[in-house]
Each structure stands twice: as C-alpha cells, then as structure tokens.
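Reader: Could you take me through one part of this structure closely? I would like to see how a single strand sits among its neighbours, and then how the rest fits around that view.

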Amino acid sequence: MSKESVIKGPVYVLEDNVDTDLLIPACYLNLVPTIPEEYRKLGSYALAGLPDGCIKFTSNSDGSTPYPIIIGGRNFGCGSSREHAPIALGAAGTKAVVAESYARIFFRNSVATGEIYPLESETRLCDCFKTGDLAELNIAKSTITRISDGKVFSLKPIGAVAPVIAAGGMFAYAREIGMIKS
Amino acid sequence: MTITEKILAKAAGLSSVKPGDNIWVNADILLTHDVCGPGTIGIFKREFGADAKVFDKEKIVIIPDHYIYTKDQKAHRNVDILRDFVKEQNLPCFYNPGTDSYCGVCHVAMPDLGHVRPGETIFGTDSHTCTHGALGAFSTGIGNTDAGFIMGAGKLLIKVPETIRFVLDGEMPDFLSAKDLILHMIGDIGVDGATYCAMEFTGSAIKSLSIDERCTICNMAVEAGAKNGIIAADEKAMEYVSGRTKKPFEALYSDDDCVVKAEYRYDVSKLEPVVAKPHLPDNKALVRECKDIKVDHVYIGSCTGGKLEDFYMAAKIMKGRKVAVRTLIVPATRHVEQGLFDTKIDGQSLRSIFEDAGVDPIAPPSCAACLGGPYDTFGRTHGEEVVVSTTNRNFVGRMGSKKSMIYLASPYTAAATSLTGYITDPRDI
C-alpha cells in the first residue's frame, strides 16, 4: 500500500457501475500479476475496456497513467473477482479511487493487495470533477480538494478495514496480529 | 441466526455471530482455475516460501476452464503452471485439460463432482463461486491475494453479511425458468441492491426447482452485488449430494426468528419471461417488449446457462424446427456434453435436436465466449453483433467486442429467438 498520505495530481472521472471488464478486459487475463513484466503490462491495459472515443487513461509514453486519482460513482468495480483489476490500476500508477460505493470483491481486492486506496466519498463527486482537473487527496484528513477553486469535499472514514490498509495489505496485517508466522 | 450466519459461526468455531462481525473463517474448499490460479500460486509462494505446502491438499480444487481451446501461448503456459504446482504439491483434485480428467466449467463441475456439501464454506477465485450456495453451502468469490492466503493458512478474515431474504411461492408457468426469476430479482433490487449481503432464496417455487435451476439462481447473486447466494438443503439437495460425496457433512438452516435486512416476496405464477438489456444485468425488460430487436447470434452456454437442464429447455423449443440465425451451443462440462447424447425428448437426443435445427457445430466444454477471452475464443464477438445469451453479464465488451450488444435471457427465450432471428417470447412458439 502506498504510504503517501497526500496524493496530488489530475483526476480521471468515471460514473456508476464501472465494471471489471472495463477496468481490465478478459483478453488480458492471460497475464499473471505476480510475474513482474506481466504486472507492468497489466498496468498498460488499465481501463482498456473504455468505450471508443473516451480520453485514454494510460497516455504516458511508457504506458503508465498521468492520473493518480480516479473518481467514480456508485458500485465501482462490479463484476468479476479478477484481482487484475485493482492491480492494473496500481501498476499503471494510480494511487487511489474515490467513489460513492464499491462492489464487494473489488473493494476487498484493493485492500488485500494494497495496490490502491479504495475511498468512499460523502457526496457524488463524479458530478463535481471532470477528467484532468487537479485534486489533492488527504488520506489522514479524509478530504479531497478541487485545486481550481479550493473547494474541499469530505470522504467517509475507512472503517473496519483501516487496520488492514494501515498494515499494508492482508498478509502484512495477518503477520502483525500473529495469525501467520513472520 | 440465518443459515449464512450459522455456517460462518461454525467455520469460525464460535457459538454465534452477527452481521458486521469480522471473523476468521476456516475454508472447507478453495477453488481456483487457469485465469486466477497462477497468480494465486505466485502469491502463495512469495508469502509462505518457495518450499511451502498447501494447508490441506484434499481441500484445494483446481479446475482449468476459462482459456482452454485457444492458440494463446500464455493461456497454455498458465495451465502448465497449474500442472507443475499440482505435481509439486501432489494435489488430488485437479482436472487436467487434454486428459480424461478434464471436466470444463468449474461451477457446473463442482457440485457434480461432489465438492459441494451443505453447511460447508467454499472460497473460489471466481465471482460466480456463489453458485454453490444452491446446495446450502456458504460459497463466495475472492481475489488471488485472499486465495493465496487461504492456500497457506486455511482460513480468511471475512465480514459476516446481512441477509436479504427472497420468498418465491406459486407454481412455475410454462416456459418460465430460474433465469427469468433471478433476472426479475436483480432488475428489482439493482446491480448493487445486495452489496455485501447474503441473498437467501426460499419458498415453494424454489423447492420445486431442480438442482441445476437452483444453481442458476445462486450463480447470479453476485450480479446484484451479493457476497453469497444460498438455498437451504432440502431432501432433493441432500439426495443429490449424498450420491456424490463420501465425506460427512451437516446441513444448517435459518432459525424461524432470525433477523434479516429485508424480505422480498414473489408469486412466480404471475411472472413473465424477461431479458436484461445492454449493458447491465439489472436492465430488465419483458421479452415481449423486445420483439422488434433483430439479433445476429444466439449463445447457449456458461456456468449460468450451459447445464444439462438449460439445454433440455432449449431443445424443447427447437425440436422439429430450424434456426434462423447463427446459434452457438457450448455445454459447460464433459458430463453435460455426454448428457446431450444420453438425454432424449420423444426418443430424439438433445444433440440430434440441435443438429437438425441447424446450430453451429457444438463446441467443446469451457467458459468460451461468456467472458470474451483470447481473440480466437469460440463465439467471441468481434464487431457490432447483437447477441441473445444465456450467460450472466452484458457489460460493454463482455463477450469480446465493445460494440456488440448483449441481451441476457433464459434458455427458452434464447432458443425461441434462434428460431425467428428476433427476440422472441418462448410462449409464442
């Protein structure tokens, strides 16, 4: 898990029911995330399922993304249990998703892998930001600020998974509490 | 407690649990396949060590099924990773492609092979693992990291879900199937209507359904965001399981006074066939409202709609008739494939009924085009095809092409549509 408590940069804005086929289409599931070069390749295919005509997400020349923050609506990450989805986002260089709500497995995979922070907004932020807007996300304060006018939006507290996120993922947490050997 | 709470309490060694509790639950079965198995193994080795042994080799079930009939080299490499791991760990429950043990789609094979038992916990690296709740198990989909954890530790930290109860009573009308029932329910509560919850299905209409049909209902619980779908084991389920496993098990049941988050009631005798229009499974419409939609092909297959009973329903409609559009038949498992020969309607095998109707050559069992997959996958869309499919998801690009339009339907509706080339209510055939 990225330990940065402040993440600053342009946002990529999506709406409701962003599904795992959009995040990483199934034709790329032949890549194995624990093989380093395939992990990087997964990053280059993040959001490859976006409909034609959308702004490209992985637009940097090295295949990474200029967007460290994704803003979404309700039910972000619905569909498959493919862990390739949060991994592709993390491998592309995204640090956090801020959405109104999450599909269960995507949220869990984000926390368990420590690839990205899955944060929940108090309000519908996909109507308050557009792709490319600069934002500053403060994890400790649970806020996201729209840089253009300084407007601050509050996020929900992380809740029961906070210790897992703080530890850096499922394995680190289980070691910390002695559930598995160090 | 509800059935889900009781199973989780038992698996955690606790006398009681309540929704919201975070508990360590022992796994009775860990299921994985060719798409997520290699990554799971990678995590297991990274975290537990190169020489680590799995927590219990009898409890690991590996069923490659996704990318089997393809020339994709990485897909073949991934199955080889599974083969090497199975050999290294000496795992007995591996169903090896290219050999007699290969079975096909994991969620249809799992109950049939006797890996599903009432009252047990099943974790699988596939969202449709919720299928196995149809036999009274707690069964849920997880990612590679959690699966790698279970592979070494045999347990997982999970949150006890609230339960939403669906009571379905009444007599099933002709040409209405379990797929219509679950599409009605998802359409009513929405694709996030059961997020983090257990969906428990009960009532006389559920009891009247076959095991295959119950699996269809629990299979799509994840399409409403649920953690698990579950149907308490009745005599029919107990008989099904007892014939397939030698391992003892204890079925559990919801208490009469258990607390649920919400309850929905249906009289199925009043329901009509439905489809889910593009591009979400909750985009419900009556089939008869879609009769002007022309389709390019019909797909009958997958863990949702590729079971023997699904093909029986389709064959009932197609018998003695000819298809008007390309029709693709993908039996989920080799057992289902054999069933197409052995199961007859008025003396004619299902396979012969399909062949006489003029379907495409029947494909070998696998997940095939349900999730698109490698470019050479059987039935994958590549253009602007309009597809009526018995599968589970109709997201943009789900079956391959981002420009194709997928209508999710029952086997009856899919078969009726294949005969006319337009979305067709099976009651009109």
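Author: Happy to, and what follows starts with one strand of chain B and then moves outward.

A word on confidence comes before the details. This is a predicted model, with an ipTM of 0.97 and a pTM of 0.98. For chain B the mean pLDDT is 98, and 100% of its residues reach 70 or more.

Let us settle on strand 8 of chain B, which covers residues 197–202. Is this strand enclosed or open? Five of its six residues are buried, so the strand is largely enclosed by the rest of the structure. Strand 7 of chain B, residues 162–169, is one of its partners: the two pair in the parallel sense over six bridges. Strand 9 of chain B, residues 228–230, also runs parallel to strand 8 of chain B, and three bridges join the two.

A good residue to keep in view here is B:Met199. Facing B:Met199 of strand 8 is B:Ile164, while in strand 9 of chain B its bridge partner is B:Gly229. You can therefore use B:Met199 to step from one partner strand to the other, with B:Ile164 opposite it and B:Gly229 as its bridge partner in strand 9 of chain B.

How does the chain get from strand 7 to strand 8? Helix 6 of chain B, residues 178–189, belongs to the connection: strand 7, helix 6 and strand 8 of chain B make up a right-handed β-α-β unit.

Now let us step back to the whole chain. Chain B holds 14 helices and 18 strands. Its radius of gyration is 21 Å, close to the 22 Å that the globule rule gives for 429 residues, so chain B is as compact as a globular protein of that length. The C-alpha trace of chain B spans about 55 × 55 × 40 Å along its principal axes. Of the 429 residues, 65% count as buried.

A few backbone spots in chain B also deserve a look. Most residues other than glycine have a negative phi, and most peptide bonds are trans. Against that background, the peptide bond from B:Pro278 to B:His279 is cis, with omega near 0°. B:His279 is found in the loop between strand 11 (274–276) and strand 12 (284–286) of chain B. B:Ser302, which is not a glycine, has a positive phi near 85°. B:Ser302 belongs to helix 10 of chain B, residues 302–305, and is buried at a relative accessible area of 2%. B:Ala368 is another non-glycine residue with a positive phi, of about 45°. B:Ala368 lies in the loop between helix 13 (350–357) and strand 17 (386–389) of chain B; with a relative accessible area of 4%, B:Ala368 is buried.

Finally, the aromatic side chains. Over all chains, a search of the whole structure finds 20 aromatic pairs. In one of them, the rings of A:Tyr102 and A:Phe106 have centres 6.3 Å apart and planes at 5°, so the pair is stacked. A:Tyr102 counts as buried at 2% relative accessibility, and A:Phe106 is buried with a relative accessible area of 2%. One aromatic cluster brings together A:Phe171 with B:Trp24, B:Phe44, B:Phe48, B:Phe85 and B:Phe149. Back in chain B, the charged end of B:Arg244 sits over the ring of B:Tyr240, 3.7 Å from the ring centre.

Notes: Residues numbered from 1 in each chain as written. Chains lettered and ligands numbered in written order. Predicted model: local features only at pLDDT ≥ 70, side-chain atom pairs only at ≥ 80, totals over all residues. Heavy atoms only, no water. Buried < 20%, exposed > 50% of the residue type's maximum accessible area, 1.4 Å probe, protein only. Helix = DSSP H or I, 4+ residues; strand = E, 2+ residues; numbered from the N terminus. Pairing = 2+ DSSP bridges. Right-handed = clockwise from strand over helix to strand, strands pointing away. pLDDT = per-residue confidence, 0-100. Phe/Tyr/Trp six-rings, centres within 6.5 Å; stacked < 30°, edge-to-face > 60°. Lys NZ or Arg CZ within 6 Å of the ring centre and 35° of its normal. Rg over C-alpha atoms; globule rule 2.2 N^0.38 Å.
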